[in-house]
Amino acid sequence: MRLEPLRRRDIARCVEIEQILFPGDDPWNSRAFHSELDIGHFYLAARPDEGDELLGYAGLAVVGRRRGEYEATVHTIGVAPEYQGKGIGKALLRALLDRADQYEAPVFLEVRTDNTTALGLYESHGFERLGIRKRYYQPSGADAYTMVRPARTRDGVAG
């Protein structure tokens, strides 16, 4: 598997995967993905070693003006169901965290409180629960945990 920048021609497949992964909520549409790329956020595509198929995608926003003020937010991670459990989500998350570490930025995200697989992945990468956002996901009304992974310097030591 290889990771590379997400391309605009991948967006239709991203939207398909979103609709499969988040049927009871408001999955991202093509406008949302285009907007994220237009703004210049960091988006990756996971592809097989051979071929162009989109296996998964992930996006990170980093805001701030200088070291010590940066913050990063994981906007999305999605892996097509037929490829889940193969380490793709973990590889995408690690790549996002590596990018945040370049800025020495803490990383925030929201995750459904009932998504035990994602919670385990995030906790295994140093994320801690900060609180609950009631009825965060719509229209299902599912709650979300807000999680944070403290900033890390380039040598991996928490800042």
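**Exercise 1.** Is Tyr 136 buried, partly exposed or exposed, and what is its relative accessible area?

*Solution.* The model is predicted, so local features need pLDDT of at least 70 and side-chain atom pairs count only at pLDDT 80 or more, while totals for chains, interfaces and linings use all residues. Residues are numbered from 1 along each chain as its sequence is written, and side-chain values use heavy atoms, with hydrogens and water left out.

Step 1: with a 1.4 Å probe and protein chains only, buried means under 20% relative accessible area, exposed over 50%, and partly exposed in between. Step 2: Tyr 136 has a relative accessible area of 35%, and is therefore partly exposed. Step 3: Tyr 136 is placed in the loop between strand 6 (128-133) and strand 7, where strands (E, at least two residues) and helices (H or I, at least four) are DSSP runs numbered from the N terminus. Step 4: leaving aside neighbours within four places in sequence, Tyr 136 is in contact (heavy atoms within 4.5 Å) with Glu 110, Ala 142, Asp 143 and Ala 144.

**Exercise 2.** Find which residues of helix 2 are buried, and explain why they line one face of the helix.

*Solution.* Step 1: in helix 2, which covers residues 30-39, the buried residues are Phe 33, Glu 36 and Leu 37. Step 2: seen down the axis of helix 2, these buried residues fall within an arc of 95°, so they line one face; the arc is that of the directions from the helix axis to the C-beta atoms. Step 3: on the other side of helix 2, Arg 31, Asp 38 and Ile 39 are exposed. Step 4: the buried residues of helix 2 pack against helix 1, strand 2, strand 3 and strand 4.

**Exercise 3.** Describe the largest nonpolar core, and state which element gives the largest share of it.

*Solution.* Step 1: a nonpolar core is a set of buried Ala, Val, Leu, Ile, Met, Phe, Trp, Tyr and Cys residues joined through side-chain atoms within 4.5 Å. Step 2: the largest such core has 28 residues, of which Ile 77, Leu 92, Val 107, Val 111, Tyr 122, Phe 127 and Met 147 touch the most other members. Step 3: the elements that each supply at least two residues of this core include strand 4 (71-79), helix 3 (88-102) and helix 4 (116-124), and helix 3 gives the largest share, seven residues. Step 4: not counting residues up to four places away in sequence, Tyr 122 touches Ile 77, Leu 93, Leu 109, Val 111, Phe 127 and Met 147.
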